[in-house]
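Student: Please take a close look at the salt bridges here. I'd like to know where the charged partners sit and what surrounds them.

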Amino acid sequence: MVMALSIRQPWAWLVANGIKPVENRTWPTRHRGPTLIHAGLVFEPQAAAQILRVFPELRDRLPQQYELGGIVGIVNVVNCVKRHESRWFTGPYGFVCMHARPLPFRRWPGALGFFRVPDDEAGVILRTVPAPQPGQKGLFE
């Protein structure tokens, strides 16, 4: 069983690409392990503008268009914290994500909170996870 977490864009892209190492939530979780990143149907233009104000160095890295309504990446959720040293942490809770990998977009319905992706579909999606680059850790290390 693989879990997924729906995140609004542009935040989903940032998490899936390993730029944002912590996903902020108002609720805690005990979930740990591989987690598919689902881009919700909503794009937050004010968030994109805020990101560029706070992190101007990302201007050339952010995509021109964001995929909505499907799986865009996978991370390993390793902790849920109330404090984190990352500038991305705003709390009150943060899901600490490691070994992020973007995935080819796969349209998929989202849900609130963590939700299950059936094993047969998860298997198809997981076969698209790229191998680690030299010096990069694997998703499950």
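Tutor: Let's pin the term down before using it: a salt bridge here is a side-chain nitrogen of Lys or Arg within 4 Å of a carboxyl oxygen of Asp or Glu. Bear in mind that this is a predicted model. By that criterion, the structure holds four salt bridges.

Start with Arg 8 and Glu 44, whose closest N and O atoms are 3.1 Å apart. This pair links distant parts of the chain, 36 residues apart: Arg 8 belongs to strand β1, while Glu 44 is in the loop between β3 and α2. The partners don't share a burial class. Buried means under 20% relative accessible area, and exposed means over 50%. Glu 44 is therefore buried, at 16%, whereas Arg 8, at 45%, counts as partly exposed.

Next come Glu 23 and Arg 25, again with 3.1 Å between the closest N and O atoms. Here Glu 23 is buried and so is Arg 25.

Then there is Glu 121 with Arg 106, whose side chains meet at 2.7 Å, N to O. Since Glu 121 lies in helix α3 (residues 119-126) and Arg 106 in strand β5, the pair ties together parts that are 15 residues apart in sequence. Glu 121 counts as partly exposed because its relative accessibility is 22%. Arg 106 gets that label too, because its value is 30%. Back at Glu 23, salt bridges with shared partners join Lys 20, Glu 23 and Arg 25 into one network.

Lys 20 deserves a longer look. It lies in the loop between α1 and β2 (22-25), and yet it counts as buried because its relative accessibility is just 4%. Its side chain makes a polar contact with the side chain of Glu 23 at 2.9 Å. What else does Lys 20 touch, leaving out residues up to four places away in sequence? The list is Trp 11, Leu 14, Val 15 and Trp 88.

That brings us to the nonpolar side of the story. Trp 88 is in contact with Lys 20 as well as a string of others, including Trp 11, Leu 14, Ile 19, Ile 51, Phe 55 and Leu 58, again setting aside residues up to four places away in sequence. The largest nonpolar core has 31 residues, and Leu 14, Ile 37, Leu 58 and Trp 88 are the ones touching the most other members. Elements that supply two or more residues to this core are β1 (2-9), α1 (11-16), β3 (33-43), α2 (45-54), β4 (70-81) and β5 (93-107). Among these contributors, α1 gives the largest share, six residues. There is also a second, separate core of 11 residues, with Leu 36, Phe 115, Val 117 and Ala 122 among them.

Now for the sheet, where several of the charged partners sit. As background, strands in a sheet pair through backbone hydrogen bonds, in either a parallel or an antiparallel sense. This one is an open sheet of six strands in the order β2-β5-β4-β3-β1-β6, with mixed pairing. At the edges are β2 and β6 (114-117), each with a single partner strand, so one side of each has no neighbour in the sheet. From one strand to the next, the twist averages 45°.

Within the sheet, β4 is mostly covered, with 10 of its 12 residues buried. It runs antiparallel to β3, joined by seven bridges, and Gly 70 of β4 is the bridge partner of Ala 39. With β5, β4 pairs antiparallel over nine bridges. Along that pairing, Asn 79 stands opposite Val 96, and Val 81 has Gly 94 as its bridge partner.

Cys 80, also in β4, gives a local view of that strand's surroundings. It counts as buried because its relative accessibility is 17%. Cys 80 is 15 residues from Phe 95 in sequence, but the two are 4.6 Å apart in space, C-alpha to C-alpha. Not counting residues up to four places away in sequence, Cys 80 touches Pro 28, Thr 29, Arg 32, Tyr 93, Gly 94 and Phe 95.

Notes
Residues are numbered from 1 along each chain as its sequence is written. This is a predicted model: local features need pLDDT of at least 70, side-chain atom pairs count only at pLDDT 80 or more; totals for chains, interfaces and linings use all residues. Side-chain values use heavy atoms; hydrogens and water are left out. A nonpolar core is a set of buried Ala, Val, Leu, Ile, Met, Phe, Trp, Tyr and Cys residues joined through side-chain atoms within 4.5 Å. Buried means under 20% relative accessible area, exposed over 50%, partly exposed in between (1.4 Å probe, protein chains only). Contact means heavy atoms within 4.5 Å. Two strands pair if DSSP finds at least two bridges between them. A polar contact is a pair of N or O atoms within 3.5 Å; within protein, one must be able to donate a hydrogen and the other to accept it, and residues adjacent in sequence count only if both atoms are side-chain atoms. Axes are lines fitted to C-alpha atoms, for helices over the stretch in contact, and angles run from 0 to 180 degrees between N-to-C directions.
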